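Subject: Structure handover, with notes on what was found

Dear colleague,

Please find below the structure I promised to pass on to you, together with its sequence. My notes follow underneath, arranged by topic, and I would be glad if you read them alongside the coordinates.

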Amino acid sequence: MNQYTGANWNNHEDEYTQVFYEQNLSQFWRPEDIALQSDLNTWNILPSEVKRAYAENLQVLTFLDTYQGDIGMPVVSRAMKDEFHQKKAVLNYMAAMENAVHAKSYSNIFMTYMSTPEIDELYIWGENNKNLQTILNTIVGYYKELDKMTYERNYGFAKYSEHEFNLTMLRAMIASVFLESCLFYSGFYYPLWFYGQGKLMQAGEIINLILRDESIHGLFVGRLAREIYDELPEDEKVSMYQFTIELLNKLYDYEVALIEEIYDRVGLSHDVKIFIRYNANKALMNLGFEPYFPEEEVNPVVLNGLNTETKTMDNFSMKGNGYQKMKSESLEDGDFFFDKPSIAKNN
């Protein structure tokens with residue numbers, strides 16, 4: 001008979017998981033918190049090729065977020081040992097944010113900017129885009145392999161090797177960090193480029209909120225991956241680093257082809273490739289590795305958009321990414337004693 005345990009949040013599983021839990025909760029937001037109608041004044045006068053590039057970027061993000069929420073984070077959560085209830089909770093929370101908040105946000109932008117036939121055609125484009133589908137097949141392939149091994153481990157359908165299982169989990173985590181900390185960013189570039197010029201500000205604000213989430217998603221999974229990597233013998237550390245760089249180059253090649261398809265029409269492919277290399281280095285750093293690509297100058301307008309510090313905004317038009325949820329306190333008896341009101345005398 002199995003012995004089940006409960007999540008005891010009074011005790012820390014480690015020195016960092018509850019910190020990530022608190023940070024995730026403090027950042028919670030809803031797509032409906034940001035009204036997008038004021039962007040239409042800008043959107044309606046944009047050239048058709050600019051609109052198309054912007055929409056395709058968000059569609060790429062939609063597909064990536066969908067599978068990170070549906071498969072990526074839940075699979076990594078299931079693979080964690082049973083006693084890691086807190087780690088599982090953080091991963092499951094992140095999974096919900098990916099699909100129910102991030103992907104939903106892109107849909108809200110589509111519904112505001114575009115007609116239903118245009119949106120339907122955009123989804124068909126994503127479903128038939130060779131480069132996007134290859135990226136997803138590559139990433140999701142590592143998730144499925146881990147899910148298969150987790151099932152076999154839990155139900156004894158194959159000879160189980162904890163060492164092989166850990167290697168498979170590490171590969172899936174590396175793929176996840178590349179998705180979170182690198183691949184998303186080609187889609188973020190154009191909204192940040194507009195945002196830095198004071199255009200399509202509401203959609204840009206959504207991207208800022210999503211960026212804030214993705215930054216800690218990559219950090220958390222990267223930390224989990226590093227714990228597995230640090231326990232490997234030296235020869236396997238070398239092999240796993242080689243796997244990491246090979247996967248990075250494979251994903252980068254398909255990402256570059258996707259960037260050219262989307263951004264050539266607006267003359268920004270060169271800049272976006274620099275931005276992707278910049279964020280690929282950030283992903284490697286999340287995994288504990290040194291940067292791979294040489295340092296380059298990123299468009300300062302877009303880099304400024306990466307700064308997710310609190311911004312001062314008009315609360316009647318948009319909700320900034322530094323907004324604070326209202327704090328409440330229980331009522332006490334003393335709250336119902338009021339000073340006697342003075343009555344003005346008639347003159």
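A salt bridge is taken here to be a side-chain nitrogen of Lys or Arg lying within 4 Å of a carboxyl oxygen of Asp or Glu. Please keep in mind throughout that this is a predicted model, and that every value below is computed from it.

Salt bridges

With that definition, the structure holds 14 salt bridges, and I describe three of them here. The side chains of Arg-226 and Asp-230 meet in one of these, with N to O at 3.0 Å. Both residues belong to helix α8, where they sit four residues apart, about one turn of the helix. Arg-226 has a relative accessibility of 25% and therefore counts as partly exposed, and Asp-230, with a relative accessible area of 38%, is partly exposed as well.

A second pair is formed by Glu-260 and Lys-273, whose closest N and O atoms are 2.7 Å apart. Because Glu-260 lies in helix α9 and Lys-273 in helix α10, this pair ties together parts that are 13 residues apart in sequence. Glu-260 is partly exposed, at a relative accessible area of 31%, whereas Lys-273 has a relative accessible area of 18% and is buried, given that buried means under 20%.

Which residues are joined into one network by salt bridges that share partners? They are Arg-52, Glu-56, Glu-121 and Arg-265. Within this group, the side chains of Arg-265 and Glu-56 meet in a salt bridge at 3.0 Å, N to O. Arg-265 is found in the loop between α9 and α10 while Glu-56 is in helix α3, so this pair links parts of the chain that are 209 residues apart in sequence. Glu-56 counts as buried, with a relative accessibility of 2%, and Arg-265 counts as partly exposed, with 35%.

The nonpolar core

In soluble globular proteins, nonpolar side chains tend to be buried together. In this model the largest nonpolar core has 105 residues, and those with the most contacts inside it are Tyr-54, Leu-64, Tyr-113, Met-173, Phe-188, Tyr-190 and Tyr-263. Two or more core residues are given by each of α3 (48-79), α4 (85-113), α5 (116-128), α6 (130-155), α7 (162-195), α8 (201-230), α9 (234-263) and α10 (269-286). The largest share, 20 residues, comes from α7.

Tyr-263 may be a useful residue to display when you look at this region. Leaving aside residues up to four places away in sequence, Tyr-263 touches Asn-57, Ser-186, Tyr-189, Tyr-190, Leu-268, Ser-269 and Val-272.

Cavities

How many cavities of 30 Å³ or more does a search of the whole structure find? There are two. The largest has a volume of about 40 Å³, and its lining is made up of Leu-170, Ile-174, Ala-225, Arg-226, Tyr-229, Met-240, Leu-287 and Phe-289. Both α7 and α8 give two or more residues to this lining, and α8 gives the most, with three. By class, the lining residues of the largest cavity divide into seven nonpolar, no polar and one charged. Arg-226 thus appears in two places in these notes, as a lining residue of this cavity and as the salt-bridge partner of Asp-230.

The second largest cavity has a volume of about 30 Å³, and it is lined by Leu-64, Tyr-67, Gln-68, Leu-136, Ile-139, Val-140, Tyr-143 and Leu-179. At least two residues of this lining come from each of α3 and α6, with α6 supplying the largest share, four residues. Seven of the lining residues are nonpolar and one is polar, while none is charged. Leu-64, which lines this second cavity, is also among the residues with the most contacts inside the largest nonpolar core.

One further position

Finally, Asn-166 lies in helix α7 and, at 24% relative accessibility, counts as partly exposed. Its C-alpha atom and that of Met-80 are separated by 9.8 Å, although the two residues are 86 residues apart along the chain.

With best wishes

How values were computed: Residues are numbered from 1 along each chain as its sequence is written. This is a predicted model: local features need pLDDT of at least 70, side-chain atom pairs count only at pLDDT 80 or more; totals for chains, interfaces and linings use all residues. Side-chain values use heavy atoms; hydrogens and water are left out. A nonpolar core is a set of buried Ala, Val, Leu, Ile, Met, Phe, Trp, Tyr and Cys residues joined through side-chain atoms within 4.5 Å. Buried means under 20% relative accessible area, exposed over 50%, partly exposed in between (1.4 Å probe, protein chains only). Contact means heavy atoms within 4.5 Å. On a 1 Å grid over the protein atoms alone, a cavity is a set of points where a 1.4 Å probe fits but cannot get out, and a pocket is an open set with protein on both sides within 12 Å along at least five of seven lines; lining residues have an atom within 4 Å of a point. Grid points are joined across faces, edges and corners, and a volume is the space filled by probe spheres set on the points. Ala, Val, Leu, Ile, Met, Phe, Trp, Tyr, Cys and Pro count as nonpolar, Asp, Glu, Lys and Arg as charged, and the others, Gly among them, as polar.
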